[in-house]
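This report describes one protein chain, starting with a sheet and ending with the aromatic pairs.

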Amino acid sequence: MPKYDLIMLISAAVALIHTLGVLSAVHAVASVRTPQGAIAWAVSLLTFPYVALPLYWILGRNRFHGYVEALQRGALEQADRGGAAMILEQLRNHQIDLPPERVGDLHILARLSRTPYTQGNTLELLVDGEATFGAIFAALKAAERYILIQFFIIKDDDLGRELHARLLDKVAAGIAIRVLYDEVGSHALPKIYVETLRAAGVTVSAFHTTRGRRNRFQLNFRNHRKIVVVDGRVAFVGGLNVGDEYLGRGPLGHWRDTHLRVEGPAVQALQRVFLADWYWATRQAPDLEWRPTATGNQTALIFPTGPADALETCSLFFHQAIVGARRRLWIASPYFVPDPPVFEALQLAALRGVDVRILLPAKPDHKLVYLASFSFLEVADRTGIQIYRYQNGFLHQKVILVDDEVAAVGTANL
């Protein structure tokens, strides 16, 4: 190629990249959810488009095309069969309105989640891995119709192989089994693990974050949930994935985590969350049990969050829990990198006299996130927020206690 033509080609390529950088910067300012994120992306795209441009179109997206539309189609499909679309109506038979004099404005969370608080539940705290997987495996053994399993991480280690063997036993007994995993979180899961399950009759799917032509390069649409549902009657949710380290057998030593065993109407609400993700991944809407049954006297709300939500549901949840605290707010989280509104709410809670305590791990599993949290600690101390470090191994639980009235156990980090 002549030298002049090569120079013209390079000049055209440079001009195209910078033009795309400008257009992407405009897109970022218009669409990125936070001002800090919009400014960071815009500056990077204008000054370093050669690096920032591919990163923005892979990691900078917050609209995941097709997910909401797929869920709407799934709801219509279920409505035709009298299934999951009717669950909200059935849950309202077990609905309870929280007394505002006891829990402030936390009733707003039901509106955000589009799921009512229900009464008639039985909730059991499961502390650490042995108790959690002991309870999960006991429920799997008792399954009579179907098993739904969803984890961010499934590993092919001792615990993962025990789960594998139990699923093979149950599918051989005629139990319908569906397993959903995140392909990035479970990137080390070998094909043979999945293939042997499928060969035996277990329906297994990755979450398929890149499903659809417009989503081919997105990497930040992860599925972080940990859900098990058996027969629509008992369910599990919390912080533990499937791996030996969750039993304290990894390099971090003792693994402190919390899970919940759930019975009652909240099971159907949790099952509805699984069904939405399953439909996105497979375009299948299986026939499940949707008749809620009261089993106890506890009140529960299933509060799903995700990057496809129309609002920043997870941040709003944290914010409302914080502003609702009157006497104490205790939070345990493995990571502490809150967005500005949540951090400001924490500061204001401490300044108005709330006992704000945040329990973090002393040992990091992700050093970059661990180091990022230090930028918040000095400012937190100025307002009276008390920071504690868990010493006995690694802390992974995601738990909130508001006064003596409300507790949250889940998978969302602070």
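Two strands are taken as paired if DSSP finds at least two bridges between them. By that rule, in this predicted model, strand 14 pairs with strand 15, and the bridge partner of Ile 400 in strand 15 is Ala 408.

**The chain as a whole**

The chain contains 15 helices and 15 strands. Of its 414 residues, 48% are buried. Among contacts with a separation of 6 or more, 80% are between residues 24 or more positions apart.

**The five-stranded sheet**

Strands of a sheet pair through backbone hydrogen bonds, either parallel or antiparallel. Here five strands form an open sheet in the order 12-11-10-14-15, and the pairing is mixed. Strand 12 (386-390) and strand 15 (406-409) are the edge strands, each pairing on one side only. From one strand to the next, the twist averages 10°.

Three of the pairings are set out below, each with a bridge partner.

| Strands | Direction | Bridges | Bridge partners |
|---|---|---|---|
| 11 and 12 | parallel | five | Leu 359 and Tyr 388 |
| 10 and 14 | antiparallel | four | Leu 329 and Val 402 |
| 14 and 15 | antiparallel | four | Ile 400 and Ala 408 |

Strand 11 covers residues 355-361. Helix 13 (residues 340-351) lies across strand 10 (328-332) and strand 11, and its direction makes an angle of about 135° with strand 11.

Which residues of strand 14 are on its covered face? In a regular strand the side chains alternate between the two faces of the sheet. In strand 14 (residues 399-402), Ile 400 and Val 402 are on the covered face, while Val 399 and Leu 401 are on the uncovered one. Both residues of the covered face appear in the table: Val 402 as the partner of Leu 329, and Ile 400 as the partner of Ala 408.

Strand 14 and strand 15 form a hairpin, with three residues between them. One residue in the turn, Asp 403, has a positive phi of about 50°.

**Gln 320 in helix 12**

Gln 320 belongs to helix 12, which spans residues 313-323. Is this residue buried or exposed? Its relative accessibility is 14%, so Gln 320 counts as buried, the cut-off for buried being under 20%. Its side chain reaches the backbone oxygen of Asp 105 at 3.5 Å. With neighbours within four places in sequence left aside, Gln 320 is in contact with Asp 105, Leu 106, Ile 108 and Leu 109.

**Aromatic rings**

A pair of aromatic rings is described by the distance of the centres and the angle of the planes. Rings of Phe, Tyr and Trp count as a pair if their centres lie within 6.5 Å. By this rule there are eleven aromatic pairs. In one of them, Tyr 246 and Trp 255, the ring centres are 4.6 Å apart and the planes are at 55°, so the pair is tilted. Tyr 246 and Trp 255 are both buried. Ring pairs also bring in Phe 394, making a cluster of Tyr 246, Trp 255 and Phe 394.

A charged side chain is placed over another ring: Arg 328 lies over the face of Trp 330, at 4.4 Å from the ring centre. Arg 328 and Trp 330 fall within the range of strand 10 (328-332), the strand that four bridges join to strand 14.

Key: Residues are numbered from 1 along each chain as its sequence is written. This is a predicted model: local features need pLDDT of at least 70, side-chain atom pairs count only at pLDDT 80 or more; totals for chains, interfaces and linings use all residues. Side-chain values use heavy atoms; hydrogens and water are left out. Rings of Phe, Tyr and Trp (its six-membered ring) pair if their centres lie within 6.5 Å; planes under 30 degrees apart count as stacked, over 60 as edge-to-face and the rest as tilted. Buried means under 20% relative accessible area, exposed over 50%, partly exposed in between (1.4 Å probe, protein chains only). A charge sits over a ring if NZ of Lys or CZ of Arg is within 6 Å of the ring centre and within 35 degrees of the ring normal. Helices (H or I, at least four residues) and strands (E, at least two) are DSSP runs, numbered from the N terminus. A polar contact is a pair of N or O atoms within 3.5 Å; within protein, one must be able to donate a hydrogen and the other to accept it, and residues adjacent in sequence count only if both atoms are side-chain atoms. Contact means heavy atoms within 4.5 Å. Axes are lines fitted to C-alpha atoms, for helices over the stretch in contact, and angles run from 0 to 180 degrees between N-to-C directions.
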